[in-house]
Each structure stands twice: as structure tokens, then as C-alpha cells.
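Hi there,

Here is the structure I promised to pass on. Have a look at it first, and then read on for my notes.

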Amino acid sequence: MALKRSISWMGLCQALSFLLQFAGSVVLARHLTPQEMGIYAVAVATVGLLSLAQQFGLQNFVVRQENLTPTTLRTAFTINLVINGGLALLIAALSLVSGDLLGDERVRHVTLALALNPLIAIFEFLPSAQLEREGRFKALAVIGIAAGVMSAAVTVIGAIAGASYMTAAYAGWASVITGATITNIIGRRHVQFRLGLAEWRGVAHFGLQMLFTSGLHSIGSRLSDVCLGKIQGLAALGVYNRATNLNNLLWSNIHMVVGRVMFVDFAQLHRSGESLRERYIATVDVITALLWPAFAGFAVLAGPLILAVYGERWVGAAQPLAILSLASMVLVAITMTWEVFTATGNLTTQTKIEFYVAIFGTAAFIFGSVFGITAAAAARVLSAVFAVLIYWPHLNRMTGTKTADFLPVYARSAALTALAAGPAFVLMCSRGFSPRVPLGITLLSIIAGLLLWITGVVLFRHRLVIEARKVLGGRAP
């Protein structure tokens, strides 16, 4: 029940966060041009290449560590201080030349603004990690909601006031400052500034594994964005970035929030010597039943949604969004890979896998970028299929499952997806998949799909119904 309450609290937080992020993205789209969005996107991508060191995963180290001593915490804090402080200096230095390197002087202003974020993260690190280790997801939810509200408020004010491409940077400041402040208030007993490196070997060993695992993916993603901006121009990158941001709203607000809770749970099960089999199958069952229909809906209604919400100048993002949604559906089939590998201590294996996936995915994306943003998005589908084929045998081994265990899960989720996306698919077929479908009819198809999905969940006696009843029966929001 503690696990279910944690997920429900984080779910509440992410639902509000989704609404705030979506509202902010609409305001930006209505007030900024694709060129201005491209300026911010290429600056973020360039800074992301330097931010590789932040993939050291020290927060996950604190959550996962069995015997957490004051000496260990001092070591983790010191290494985090060095990494983030050095990163801030590198970003500030990069801002001096980024305008010339990327062909637009305005990129320099955004890059310099982004140098502040890692400095603020220094003070949030230990309290946030300790709250997550203790499973205090209600507190983390409150922090997330407050940061989201501040970010959305600054986004609206900045866009209306004419802050242009700097709007998103200012919103980022508001988010991290608010988050760090409230985290230090709620987790004040975990705040400390003592330095030490007594246990640097153990921390560095874990961090380097995390660096190579998460860092490879981050490098590939950021490098792809920079190359797309250089090949197709900043305006094209801005349009593609709009598609990726909308796709990531679902991924980050549903998949990643469940992942944070499940990582703690997987780690506890592994430490106690219990099998992950039943918990992992249940997780795949729930995640695919939720995200497959959602991503399928995005894929089918990409054109009308973007036109209605963001306006005519962003219609070019519809095809990339539809294709990226299909890629996400493929990846959802092997949900929680990082959480399983990290919780079971198999980061070395995952590093090797991520190396091959990053090389293949980045090469395919850059090749696709030559032909346009739609081809670049299609490369993400190929990369997703490649990742599934490599990851699947290892996931089965670590969770004690077989491929056959998931066939009923996938069949049930596919049926729910067909029910949910069916009305929208019929509508779009009748309109020749034109983005210019009246908003009222589009909303009716969404409502019809949602009702059919709920009917299917109940008729199939899906695990979602069982878990929802348990959560609502407990003390949950």
C-alpha cells in the first residue's frame, strides 16, 4: 500500500505538472517563432553535451546504497559540488564562443543563463536524495507542483512581456530556485555542507557506471539536436523540438514518475533477495495499458492537435510527432530498463548495450537529418526497435521472466489501444488525415476513445482496476 500511495502522490504531482507544462508550451508556441524556439533548443543541446558529468547519478547512489554513513554522504556531496561547480564554469566559458560556433549571437545569451542551474542544484542534491530514499513521495510531489507553478507563471509573464527566446531560460531559473528552496525547507535535517573524500572510490565506481550508461544516451540525443540544427537550420530544429517536447510530456509525466517509485521498490526487493518477476510483469501490464493508447492517440491526431493548440506555423511538427509517438510505443514494451539494471547492479552490462544503441541511433538520426525532420524522426523508430532486440534477453534474465510471460500482457494492451484510438483513426481516415479537422469533432473522438478504453479495462478485469481500488481504499489523494 505504501508503494501504491507513493505512485498516487507522484501521479497527482505529474498530472498537475503535465497541465502546467502543456499550458506553458502553448503560450511559447503562440508567442515565439520556430526560429526563436530553435535558438533555445540548440543552446540546451550544446550545454547538454557539457552536462555529461551530471549523469554521474549521485542521487541514485544515495537512494540505492545499503549502508549510508555520514562519511559516504560527505563524499557524495563533495563530488557533486565539484561536478556542478566545474560544469557551471564550463558553460559560462562556452557562452563566449557559442554564438560564433552555432551561427547566431543570441545563442550566447541563453547559454550563459543556463550556467546558473547546476550551481543551484548543488544545494538541492542531498535533501532531495534523502527524501526519495525515505520514500517521502508526498513531499516530493509538493515540491514538484510548486516548481511547476512557478515555471508556468514565469513562462506566461515572460512570453507576454516579450522576453522571446530567453523566456524558457527564465522559467528554468524559477523552477530550480523554487525546487531547491522548498526541498531545503522540507528536508532541512538532511542539509549539510561538510566536505570529504574518504569513500571516493565506491562513489566514483558507481558514478562512472552511471556516467557511461546514462551519458551515452544523453550525448547521442544532444549531438543529434546540434547536427539537425546545423544541417536543416534553427527553424527546422525549433519545429522538431516542438514535436519532441510534446512527445516527452507523456513520457516524463507518466513513465518517469512511475520509474522513480519503482526504482526504490526494485532496489528493496533485490536487497532482500526476492525475485522481480511478478512486480516487473505487473509494471509492464500497467504501463503499456496506459501509454500505448496515449501515444497511439498522439500519432493519429497529431495534425489536428498541433493545429488547434499551437497554430498554423507549427503544423510541420505533426508528422515528426506521429512518428516519435510510434517510437515511444516500441520502447514502452521494455519499460523500466534503467531501473531494473541499476537496482540489480548490472550497470556494466547496460553500459555496453547503451554504447551500441547510442552509436546506432545517433548515426541513423544524423543520416535521416539530411533528408528532413520527418526522416530524422523515422530514425528514432529504427533505434527503438534495435534497443528492444538487444535489451530483451537481459531483462528476462534479471527479472526471471520469459518472453511468453508478456504475450498476454501485450495482447491485452494492444486491444485497449485499438479501443482507445479507434474512433480517432476512423475520423482521420474519413478526412484523409488532414490536420484541418474541426476541434469539436476531434474532442468527441477523444472522449469516445476514452470511454471505450475504460469499458475495456473493466471488461478485461485489468490490473489497473484492481490497483485503483486498492489505492482508493487506502489513504491516498
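Let me start with the outside: the accessible surface of the protein comes to about 20500 Å², and 67% of that belongs to carbon and sulfur atoms. Please keep in mind that this is a predicted model.

As for the overall build, the protein has 18 helices and 0 strands. Of its 477 residues, 53% count as buried. If you look at contacts between residues at least 6 apart in sequence, 84% of them join residues at least 24 apart.

**The inside**

The largest nonpolar core holds 62 residues, and Tyr280 and Ile306 have the most contacts inside it. Helix H11, which covers residues 277-310, gives the most to this core, with 13 residues. A second core, separate from that one, has 15 residues, including Ala76, Ile122, Leu126 and Val203.

Tyr280 is a good place to zoom in. Leaving aside residues up to four places away in sequence, tyrosine 280 touches Phe266, Ile334, Thr335, Met336, Val340, Leu395, Thr399 and Phe406. Tyr280 also belongs to a cluster linked by ring pairs, together with Trp292, Trp392, Phe406 and Tyr410. Phe406 therefore turns up twice, as a residue that tyrosine 280 touches and as a member of the ring cluster.**Charged pairs**

A search of the whole structure finds 7 salt bridges, and I picked out three of them for you.

- Arginine 189 and glutamate 134: their side chains meet in a salt bridge, at 2.8 Å from N to O. The pair links distant parts of the chain, 55 residues apart: arginine 189 is in the loop between helix H8 (167-186) and helix H9 (200-232), while glutamate 134 is in the loop between helix H6 (116-133) and helix H7 (137-161). Arginine 189 is exposed, with a relative accessible area of 63%, whereas glutamate 134 counts as partly exposed at 35% relative accessibility. Both belong to a network of salt bridges that links Glu134, Arg136 and Arg189.
- Arginine 277 and glutamate 278: in this salt bridge the closest N and O atoms are 3.3 Å apart. Arginine 277 counts as partly exposed, at 28% relative accessibility, and glutamate 278 counts as exposed, at 55%.
- Arginine 412 and aspartate 285: the side chains meet in a salt bridge, with 3.2 Å from N to O. Arginine 412 lies in helix H16 (residues 403-430) and aspartate 285 in helix H11, so the pair ties together parts that are 127 residues apart in sequence.

Is aspartate 285 buried or exposed? At 2% relative accessibility, aspartate 285 counts as buried, because the cut-off for buried is under 20% relative accessible area. Its partner, arginine 412, counts as partly exposed at 23%.

**Aromatic pairs**

The count of aromatic pairs comes to 13. Phenylalanine 360 and phenylalanine 386 form a stacked pair, 4.4 Å centre to centre and with 20 degrees between the planes. This pair links distant parts of the chain, 26 residues apart, with phenylalanine 360 in helix H14 (residues 347-369) and phenylalanine 386 in helix H15 (residues 373-399). Phenylalanine 360 counts as partly exposed at 34% relative accessibility, and phenylalanine 386 counts as partly exposed at 25%.

Phenylalanine 425 and phenylalanine 433 pair in another way: they are edge-to-face, 6.0 Å centre to centre, with 65 degrees between the planes. Phenylalanine 425 counts as partly exposed, at 43% relative accessibility, and phenylalanine 433 counts as partly exposed too, at 42%.

**A patch on the surface**

In soluble globular proteins, nonpolar side chains tend to be buried together. Here is a spot where nonpolar residues are on the surface instead: Leu444, Ile447, Leu450, Leu451, Ile454 and Val458 form a nonpolar patch, with about 580 Å² of accessible area together. Leucine 444 lies in helix H17 (residues 439-459). With a relative accessible area of 58%, leucine 444 is exposed, because exposed begins over 50%.

If you would like a short tour, start at Tyr280 in the largest core, go on to the salt bridge of arginine 412 with aspartate 285, and finish at the surface patch that includes Leu444.

Happy browsing, and best wishes

Key
Residues are numbered from 1 along each chain as its sequence is written. This is a predicted model: local features need pLDDT of at least 70, side-chain atom pairs count only at pLDDT 80 or more; totals for chains, interfaces and linings use all residues. Side-chain values use heavy atoms; hydrogens and water are left out. A nonpolar core is a set of buried Ala, Val, Leu, Ile, Met, Phe, Trp, Tyr and Cys residues joined through side-chain atoms within 4.5 Å. Buried means under 20% relative accessible area, exposed over 50%, partly exposed in between (1.4 Å probe, protein chains only). Helices (H or I, at least four residues) and strands (E, at least two) are DSSP runs, numbered from the N terminus. Contact means heavy atoms within 4.5 Å. Accessible areas come from the Shrake-Rupley method with a 1.4 Å probe; for residues, only the protein chains shown count as cover. Patches are made of residues with over 30% relative accessible area and no salt bridge: like charges are joined within 9 Å, nonpolar side chains (Val, Leu, Ile, Met, Phe, Trp, Tyr) within 5 Å. A salt bridge is a side-chain nitrogen of Lys or Arg within 4 Å of a carboxyl oxygen of Asp or Glu. Rings of Phe, Tyr and Trp (its six-membered ring) pair if their centres lie within 6.5 Å; planes under 30 degrees apart count as stacked, over 60 as edge-to-face and the rest as tilted.
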